[in-house]
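Work through the exercises below with the sequence and the structure at hand. Try each task before reading its solution.

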Amino acid sequence: MSAKKTLIIAVICALVLGGYLFDQHRRQKQEESKAVAGRLLKPKAETLTGLTLIRGETGGKVAAIKLEKHDQHWMLVEPVLAHADHNAVQGLMNQLDQAQKKDPFKFEQGKLGDFGLEKPVLTVSFSAGVNEKLPDLKLGSKTPDGNASYARLDEEPELFTVGESLARSLIVT
């Protein structure tokens, strides 16, 4: 084979390889942006500095658990002041990082009660930094199949579901 033909074949191979690598990079970026768009929490959980879990009324009282991060350590602030269990908090943060908004849908005004969100089972407030408050997560009733719970972020116009393992972790905490 002549040097000219070899050079042409090498250029064609290089172009095909370049196109393939470009396409792989483009697909990876698309998958990453889809994953970020569906995330429950936009900032990473490691940036959170506060977390408040407010359970719905139980016997006429509202039960609240408040955690704050001080020097990389989580402290239980309410109902008592104490060090929080590092493993329990880290497990919850990992679940929050991986949590996705599943099956988003619009709802009719006045129909929040149908999904247990008129008086949520649990409201989770997040903070990240000094005076930086993130949208509250409200958990409602379980879906009919029992594998997820209805949820809403503050006053967003759509509802979605979250996996039952996350809902259970938040409610049991």
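**Exercise 1.** Decide whether Gln 72 is buried or exposed, and describe its backbone.

Solution. In this predicted model, Gln 72 has a relative accessibility of 61%. Exposed means over 50%, so Gln 72 counts as exposed. Its place is the loop between strand E2 (61-70) and E3. The phi angle of Gln 72 is near 70 degrees, a positive value in a residue other than glycine.

**Exercise 2.** Find which residues a cis peptide bond joins.

Solution. The bond is between Glu 78 and Pro 79, with omega at about 5 degrees. Pro 79 sits in the loop that runs between strand E3 (73-78) and strand E4 (82-83).

**Exercise 3.** Check the length of helix H2 (residues 86-98) against the expected span.

Solution. Helix H2 has 13 residues. The expected span is 1.5 Å times one less than the number of residues, which gives 18 Å for H2. The end C-alpha atoms of H2 are 18 Å apart, so the two values agree.

**Exercise 4.** Work out how the buried residues of H2 are arranged around its axis.

Solution. First list the buried residues of H2: Val 89, Leu 92, Met 93, Leu 96 and Asp 97. Viewed down the axis of H2, they fall within an arc of 140 degrees, so they line one face of the helix. The general reason is that an α-helix has 3.6 residues a turn, so residues three or four places apart point the same way. Asn 87 and Gln 98 are exposed on the other side of H2.

Definitions and conventions. Residues are numbered from 1 along each chain as its sequence is written. This is a predicted model: local features need pLDDT of at least 70, side-chain atom pairs count only at pLDDT 80 or more; totals for chains, interfaces and linings use all residues. Side-chain values use heavy atoms; hydrogens and water are left out. Helices (H or I, at least four residues) and strands (E, at least two) are DSSP runs, numbered from the N terminus. Buried means under 20% relative accessible area, exposed over 50%, partly exposed in between (1.4 Å probe, protein chains only). The arc is that of the directions from the helix axis to the C-beta atoms.
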